[in-house]
Amino acid sequence: MTPRTWAATAVTATTGLALLAAAGCDSPNAAGATRTAAVVEDSAGVAVVTVPHEATAELPTWTVADEPTLTIGRLDGEPAYLFGSIGPAVLLPSGGVAVADAQANEVRVFDAGGVWRRTLGREGDGPLEFAQVGGLWLGDDDRLAAVDTRHRKVVEFDLASDTAEARSTGSELCPAAARPFTCRVAGVLANGDFVVSHAVGPAEPSASEPGLNERPGDRVAMAVVRGETRLELGEASGASFSVWSYDDGWIWFFETPFRPGETLATGHDRVAKAAPAAREIRIWSAAGVLERVVRLHLEAPLPRSRLIDRMHAWADTGSSPYPVADYLDAARFDEVVPAFSTVHFDSESRLWVQPYTVSEELGPVPDLPWLVLDREGLPLAWARGLPGDDLLDVGSDGVLVRSESVAGAPQVRLLPIRR
């Protein structure tokens with residue numbers, strides 16, 4: 001396998017400044033959004049989109065409704081509707097839903113009315129069986145790709161013909177220098193290419209004494225594997241803190257609140273790498289070309305002082321399993337709190353940008369709006385009511401979320417988007 005570098009051009013000197021018109025002018029797009037001013041620069045063929053805070057001030061607001069149009073999952077009844085735990089799930093072009101039961105390690109397909117139609121795969125070690133369903137992605141021609149994280153393989157189901165094919169994704173996905181056991185499939189593009197990642201940083205804390213240790217060298221390398229060709233995406237930061245105690249016999253890693261690790265999002269025909277600390281999102285096409293760089297100059301949703309106060313309050317309750325006070329003393333508070341955490345592609349290749357929040361353990365997470373960017377990286381709308389960590393998939397008119405019934409039955413719900 002011959003390594004090949006993606007045709008990505010470094011963003012250096014810019015030419016051809018364009019100012020995209022302006023607040024107060026109605027756009028004819030389907031969402032009826034008011035297009036606000038944003039700056040687009042051309043840098044050697046790469047579009048660099050700068051979105052200042054002022055460019056999002058007058059955007060329309062979309063709302064995710066509380067009442068679902070579809071609910072799947074019961075406490076008792078037919079086995080197909082009973083879930084041990086909700087795993088990955090995707091919306092299907094037919095209006096149906098494919099849901100992985102993370103406990104049974106199988107994928108169940110439901111129609112637009114929530115009626116079970118078939119079950120794909122089962123738990124086991126065979127070619128079409130799963131040890132751990134770690135992701136679902138839609139492909140071309142009604143194909144559904146399911147990733148078995150533990151066995152590092154992808155099983156592709158043809159929903160039209162009820163056939164399936166297992167594609168091994170063994171050690172050839174990542175170079176020999178990859179840290180052992182960290183190579184994984186992070187996504188599958190519609191054309192069947194694998195988006196993969198592996199850790200390249202140190203495996204263990206480097207400090208010799210118990211306490212707090214920053215791990216700035218812990219990084220993740222990312223690439224797309226296309227047959228025998230490896231298309232490099234570069235590296236992403238995985239900066240974290242580790243806290244450990246030899247006396248208590250535990251080690252725990254947690255992300256730096258002011259410098260969260262970079263994340264990767266796989267869309268139908270695009271890959272996005274979000275760097276929250278740099279306030280930047282890079283977007284590649286499935287053809288291996290860096291298309292655009294989106295720079296979000298937004299106000300941090302949580303002022304630094306409030307964030308620190310919440311962490312101190314939590315540490316003072318005694319509920320912390322690690323010395324948060326030590327962390328607060330060691331962290332560099334002169335850094336800027338990021339404005340966003342990660343991104344999701346919807347079914348129309350728009351980017352939904354999640355506002356930055358800290359762990360729910362630090363207190364109630366506020367209902368912060370997500371920023372929706374169109375395919376060109378321009379601001380389209382603010383969206384309220386999204387569930388954060390329980391988000392499974394975003395369609396053109398609805399959001400698929402993980403939930404549970406009043407009685408405690410694991411469920412997926414489709415919540416309509418009101419524009």
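This dialogue explains how to read several features of the structure above.

Reader: What kind of model is this, and how are its residues numbered?

Author: The model is predicted, so local features need pLDDT of at least 70 and side-chain atom pairs count only at pLDDT 80 or more, while totals for chains, interfaces and linings use all residues. Residues are numbered from 1 along each chain as its sequence is written, and side-chain values use heavy atoms, with hydrogens and water left out.

Reader: How are strands defined, and when do two of them pair?

Author: Strands are DSSP runs of E with at least two residues, and helices are runs of H or I with at least four; both are numbered from the N terminus. Two strands pair if DSSP finds at least two bridges between them. Here, S13 (residues 133-139) pairs with S14 (residues 143-148) in the antiparallel sense, over six bridges. Leu 138 has Leu 144 in S14 as its bridge partner.

Reader: How many residues stand between the strands in the hairpin of S13 and S14, and which residue there takes a positive phi?

Author: Three residues stand between the strands, and Asp 141 takes a positive phi near 60°. A hairpin is also formed by S32 and S33, with three residues between them. Strands S32 (residues 391-394) and S33 (residues 398-404) pair in the antiparallel sense over three bridges, and Val 394 stands opposite Val 399 in S33.

Reader: Is Glu 106 buried or exposed?

Author: The term buried means under 20% relative accessible area, exposed means over 50%, and partly exposed lies in between (1.4 Å probe, protein chains only). Glu 106, in strand S11 (residues 106-110), has 17% relative accessibility and therefore counts as buried.

Reader: With which residues is Glu 106 in contact, leaving aside its neighbours within four places in sequence?

Author: Contact means heavy atoms within 4.5 Å. Among the contacts of Glu 106, leaving aside neighbours within four places in sequence, are Val 99, Asp 101, Leu 120 and Val 133. The C-alpha atoms of Glu 106 and Glu 123 are separated by 6.4 Å, although the two residues are 17 apart along the chain.

Reader: Which polar contacts do the side chains of Glu 106 and Asp 111 make?

Author: A polar contact is a pair of N or O atoms within 3.5 Å; within protein, one must be able to donate a hydrogen and the other to accept it, and residues adjacent in sequence count only if both atoms are side-chain atoms. The side chain of Glu 106 makes such a contact with the side chain of Arg 108, at 2.9 Å. A polar atom of the Asp 111 side chain lies 2.9 Å from the backbone nitrogen of Gly 113; the backbone nitrogen of Val 115 also lies 2.9 Å from a polar atom of that side chain. Asp 111 is found in the loop between S11 and strand S12 (116-120), and its relative accessible area of 19% makes it buried.

Reader: How many aromatic pairs does a search of the whole structure find?

Author: Rings of Phe, Tyr and Trp (its six-membered ring) pair if their centres lie within 6.5 Å; planes under 30 degrees apart count as stacked, over 60 as edge-to-face and the rest as tilted. The search finds four aromatic pairs. One of them is the tilted pair of Trp 62 and Trp 352, at 5.9 Å centre to centre and 55° between the planes. Trp 62 lies in strand S7 (residues 61-64) and Trp 352 in strand S29 (residues 351-355), 290 residues apart. Both Trp 62 and Trp 352 are buried.
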